[in-house]
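Open the structure in your viewer and keep the selection tool ready. We will go stop by stop.

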Amino acid sequence: MAAMSCDSPIGAEQMRLRADMDAVSDYCEVNLETWAGIHWDNDEPVRIAAYFTADLDRHRAALHAVVQHPDRVDVRLARHTAMEVAAIRWQIHDVLQRTGRSWSSSTGVDTVFIGLAPGSENVQAGLSERFGDLIEFEPWQEREKLLPRGVR
């Protein structure tokens with residue numbers, strides 16, 4: 001849910017909608033049974049995208065009642081809750097830890113993003129077979145390339 005610099009038009013719009021993002025986030029925290037994710041949709045106009053697995057009309061009405069800019073809050077359908085995706089991520093971690101290879105992971109709506117070290121094609125194939133479209137593979141970034149200068 002990274003915000004942009006308020007020096008940019010998108011960043012300025014995110015700042016204007018910050019209270020709404022906070023209200024949506026608070027609402028999501030008490031609706032974990034169907035909540036799947038939240039993020040900025042930076043296409044013009046900037047919007048807040050809140051994802052749920054069910055009861056979209058109920059969530060839409062509730063969110064539109066607590067925000068200042070209901071026209072900027074989209075309620076969207078997801079297949080898996082955030083808790084389900086997190087549980088799948090831990091299953092994937094268990095598999096990856098047994099490989100002895102380097103890897104990284106993060107989560108998004110309906111997706112676990114995995115970065116695998118070069119030479120991990122068999123691992124990737126096995127994960128794809130087991131978890132299907134819940135996994136999206138990203139280009140590998142060596143840890144040293146991610147660290148600020150002087151920290152290596």
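**Stop 1: a helix across a sheet**

Select α4 and strands β4, β5 and β6. Helix α4 lies across these three strands, and runs at about 170 degrees to β4. Now add helix α5, residues 121-131. Helix α5 also packs on the sheet, where it touches β5 and β6. Its direction makes about 160 degrees with that of β6. Keep in mind that this is a predicted model.

**Stop 2: the sheet itself**

Hide the helices and look at the strands alone. In what order do the three strands of this open sheet come? The order is β4-β5-β6, and the pairing is mixed. The edge strands are β4 and β6 (135-138), each of which pairs on one side only. From one strand to the next, the twist averages 25 degrees.

Zoom in on β4 and β5. Strand β5 covers residues 111-116. The two strands run antiparallel and are joined by six bridges. To see one bridge, pick Thr107: its partner in β5 is Val112.

**Stop 3: Arg101**

Select Arg101. You are now in the loop between α4 (82-99) and β4 (103-108). Is Arg101 buried, exposed or partly exposed? Its relative accessible area is 34%, so Arg101 is partly exposed.

Next, show what surrounds the residue. Leaving aside neighbours within four places in sequence, Arg101 is in contact with Leu96, Pro118, Gly119, Ser120 and Val123. Two of these deserve a distance label. The side chain of Arg101 reaches the backbone oxygen of Gly119 at 2.7 Å. A polar contact of 3.1 Å links the side chains of Arg101 and Ser120. Arg101 and Ser120 are 19 residues apart in sequence, yet their C-alpha atoms are 7.5 Å apart in space.

**Stop 4: a hairpin**

Move to strand β1, residues 35-41. Colour its residues by burial. Five of the seven are buried, so β1 is largely enclosed by the rest of the structure.

Add strand β2, residues 47-52. How many bridges pair β1 with β2? There are six, and the pairing is antiparallel. A hairpin of five residues joins β1 to β2. For one bridge, click on Trp40: its partner in β2 is Ile48.

**Stop 5: two rings**

Stay with β2 and look for aromatic side chains. The structure holds one aromatic pair. Select Tyr27 and Phe52. The centres of their rings are 6.1 Å apart and the planes stand at 75 degrees, so the pair is edge-to-face. The cut-off for that label is an angle over 60 degrees.

Where does each ring come from? Tyr27 sits in helix α2 (residues 18-29) and Phe52 in strand β2. The pair links distant parts of the chain, 25 residues apart. Both Tyr27 and Phe52 are buried.

**Stop 6: His69**

Finish with His69. Find the loop between α3 (56-66) and β3 (73-77), where His69 has its place. Why does His69 count as buried? Its relative accessible area is 19%, and buried means under 20%.

Show the contacts of His69 too. Not counting residues up to four places away in sequence, His69 touches Arg16, Leu17 and Asp20.

Terms used. Residues are numbered from 1 along each chain as its sequence is written. This is a predicted model: local features need pLDDT of at least 70, side-chain atom pairs count only at pLDDT 80 or more; totals for chains, interfaces and linings use all residues. Side-chain values use heavy atoms; hydrogens and water are left out. Helices (H or I, at least four residues) and strands (E, at least two) are DSSP runs, numbered from the N terminus. Buried means under 20% relative accessible area, exposed over 50%, partly exposed in between (1.4 Å probe, protein chains only). Contact means heavy atoms within 4.5 Å. Two strands pair if DSSP finds at least two bridges between them. Rings of Phe, Tyr and Trp (its six-membered ring) pair if their centres lie within 6.5 Å; planes under 30 degrees apart count as stacked, over 60 as edge-to-face and the rest as tilted. A polar contact is a pair of N or O atoms within 3.5 Å; within protein, one must be able to donate a hydrogen and the other to accept it, and residues adjacent in sequence count only if both atoms are side-chain atoms. Axes are lines fitted to C-alpha atoms, for helices over the stretch in contact, and angles run from 0 to 180 degrees between N-to-C directions.
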